[in-house]
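Me: I'd like to go through the charged pairs and the chain interface here, one question at a time. Could you keep the reasoning short?

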Amino acid sequence: MKRAVFTTRWLPILLLLPQLSIIALFFYWPAFQALRSSFYLEDPFGFGSTFVGLENYLRLFRSDEYLKTAWFTVVFSVLVTFFSLAIALLLAVKADGVIRGAKTYRTLLMWVYAVAPPVAGFITLIVFNQRWGPLTEFFALFGWDFRVRLDYFDTAFAMIVASVWKQIPVNFIFFLSGLQSIPRAIREASMIDCKSGLRRFFTVTFPLLAPTGFFLLIINITYSLFDTFGMIDTILRNNVGDNPITLVYKVYLDGFRGQDIGGSSAQSVVLMVLVLILTLFQFRLVERRIHYS
Amino acid sequence: MMAPIAMLLQMSTVPDAEIMQHGPSLSIGNQFGPNFEKAMFGSMSFSGSNSGLTMFMNSLILGVGFAIGKIVISLCAAYAIVYFRLRLATLAFWLIFTTLLLPLEVRIVPSYEVTQKLGLLNTYTGLIVPLIASATATFFFRQFFMSVPDELVEAARIDGAGPVKFFIDILVPLSRTMIAAIFIIMFVYGWNQYLWPTMIVTDESKFTLVQGIKQITQGLEGNHIPEFGRSNLLAILAILPPVAIVIFFQGWFVKGLTESDK
């Protein structure tokens with residue numbers, strides 16, 4: 001806390017007003033609306049709504065389609081998080097090893113961060129083009145007839161590849177700065193104590209990187225849940241059919257296209273609770289980390 | 001990592017019919033000029049009211065407007081929270097803090113309804129302002145202000161500077177680097193927005209490039225020859241500004257990204 005502060009009374013209120021009014025209007029009001037309409041069944045033609053209690057929620061958890069989407073979301077998030085963390089860590093360790101090349105490495109990777117998810121989806125459609133996509137041709141060498149948007153598994157595979165590709169740079173930047181903040185003395189001591197590079201990595205470097213890793217874990221789960229929307233929407237291009245979608249996409253699909261406001265709101269609330277749990281978990285971790293240092 | 005961009009560029013230099021037959025190759029054709037002109041100035045859609053150039057301008061308005069708006073309101077709010085002892089400030093802090101818990105994607109349908117009620121559909125205000133309703137930047141600035149030495153305020157006071165003068169003449173100039181870093185991150189974030197523009201904007205003359213991507217990919221389907229040249233150039237155009245900024249300012253960017261999220 002600051003010791004020296006001003007005592008004017010009206011000024012801080014004036015300063016806070018713009019942000020607070022925007023938040024009230026576009027955050028609290030919609031969030032409250034979502035909660036409220038999750039207990040109502042809205043008439044699709046706009047003729048009022050009926051209170052149905054928990055009916056919308058029960059309907060969700062009884063719906064095979066919702067459970068299938070939820071299951072896909074879990075698998076998708078786990079795979080995207082695992083691969084983007086693992087590949088980024090590998091690249092960061094390699095970049096950390098070369099003293100001069102680290103910046104070039106970083107530049108080569110980092111631009112991918114700035115690519116919008118829908119553009120990543122666009123690129124996916126090109127590299128997996130049915131006829132001549134370079135990756136389609138590559139997989140054909142192994143006898144895999146890759147059909148994006150037509151085959152459930154292939155589409156999921158393409159989505160995961162694109163999401164991992166886009167998330168590697170963020171993880172890489174955090175891992176690299178984590179690695180570079182390891183004190184020289186510790187590095188040198190570990191060099192003397194342990195000859196095997198791999199063992200040195202797992203006994204010294206990895207534990208020191210663990211806090212960064214935990215933090216990134218949450219970031220990556222959130223990314224795979226929410227930020228992949230544009231990529232998925234571009235790949236599917238209005239024909240969802242039997243293709244894999246994530247929970248966030250379903251909220252949009254049911255609420256905006258299907259006009260099932262109650263069901264969509266209930267889904268929103270389920271996601272809100274999920275994010276809340278993730279965030280609380282993250283705060284606990286950050287707190288513990290401050291304790292350590 | 002660079003291969004996809006090189007591939008998109010190559011494909012935009014050869015005739016579309018050739019691409020349709022054989023896909024990307026290593027040869028460079030002479031169609032870049034005409035494709036570029038079509039991408040920038042040709043109309044994209046049925047209504048004919050959006051070209052690559054108008055979408056580019058709209059993206060720019062969204063990116064810059066979002067970044068500036070967010071920085072201004074966040075600077076003010078963070079200043080009020082850190083430099084004034086007020087019971088309201090603590091309450092405000094928590095009110096702002098909770099916005100970090102729920103991303104826009106989760107409350108998308110009700111947010112749309114609110115924006116509609118306020119008559120903000122198809123306006124730049126409706127596009128930009130609701131996106132600002134999260135606290136990320138406020139916390140970067142709060143964190144930064146906390147690390148500014150107290151002696152500065154005391155010195156300013158002795159010199160007779162009030163809270164407004166201190167803020168404008170000392171604190172804001174002092175935060176220049178931080179402001180720049182946040183501007184870059186927020187510009188990229190705003191430029192790359194997809195879901196919100198897709199819902200709020202149906203008037204094609206207000207489409208952004210990223211939002212237009214889906215429409216652009218639709219040009220790759222149908223009975224006619226898919227327009228790979230034009231589509232690829234528009235995709236590259238959508239990538240270029242954020243990528244250029246991130247690469248050019250990567251030092252600041254990395255600083256902003258790694259120091260602020262803790």
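Me: Is A:Arg187 buried, partly exposed or exposed?

Reply: Happy to help; keep in mind that this is a predicted model. The relative accessible area of A:Arg187 is 29%. Buried would need under 20% and exposed over 50%, so A:Arg187 is partly exposed.

Me: Which residue forms a salt bridge with A:Arg187, and is that partner buried or exposed?

Reply: The closest N and O atoms of A:Arg187 and A:Asp96 are 3.3 Å apart, and the cut-off is 4 Å. A:Arg187 sits in helix α8 (residues 184-193) of chain A and A:Asp96 in helix α3 (residues 64-97) of chain A, so the pair ties together parts that are 91 residues apart in sequence. With a relative accessible area of 18%, under the 20% limit, the partner A:Asp96 is buried.

Me: How many residues apart in sequence are the parts that B:Glu227 and B:Lys38 tie together?

Reply: These two form a salt bridge, with 3.7 Å between the closest N and O atoms. B:Glu227 lies in the loop between α13 (209-218) and α14 (228-248) of chain B, while B:Lys38 belongs to helix α3 (residues 32-41) of chain B, so the parts tied together are 189 residues apart.

Me: Which helix holds both B:Asp169 and B:Lys165?

Reply: Their side chains meet in a salt bridge at 2.9 Å, N to O. B:Asp169 is partly exposed at 44% relative accessibility, and B:Lys165 is partly exposed at 49%. The two residues are 4 apart, about one turn of the helix, and that helix is α10 (residues 163-174) of chain B.

Me: Which salt bridge is found between chain B and chain A?

Reply: The count between these chains is 1 salt bridge, against 10 over all chains. Its N to O distance is 3.1 Å, and the side chains that meet are those of A:Asp233 and B:Lys214.

Me: What area do chain B and chain A bury between them?

Reply: In contact are 103 residues of chain B and 82 residues of chain A. Carbon and sulfur atoms account for 75% of the buried area. The area buried between the two chains is about 8500 Å².

Me: Which element gives the most to the side of chain B that touches chain A?

Reply: Across this interface there are 13 residue pairs in polar contact. By class, the chain B side has 70 nonpolar, 20 polar and 13 charged residues. With 10 residues, the element that gives the most to that side is α14(B).

Methods: Residues numbered from 1 in each chain as written. Chains lettered and ligands numbered in written order. Predicted model: local features only at pLDDT ≥ 70, side-chain atom pairs only at ≥ 80, totals over all residues. Heavy atoms only, no water. Buried < 20%, exposed > 50% of the residue type's maximum accessible area, 1.4 Å probe, protein only. Contact = heavy atoms within 4.5 Å. Buried area = accessible area lost by both parts, 1.4 Å probe. Polar contact = N/O pair within 3.5 Å; in protein donor to acceptor, adjacent residues only side chain to side chain. Nonpolar A, V, L, I, M, F, W, Y, C, P; charged D, E, K, R; others polar.
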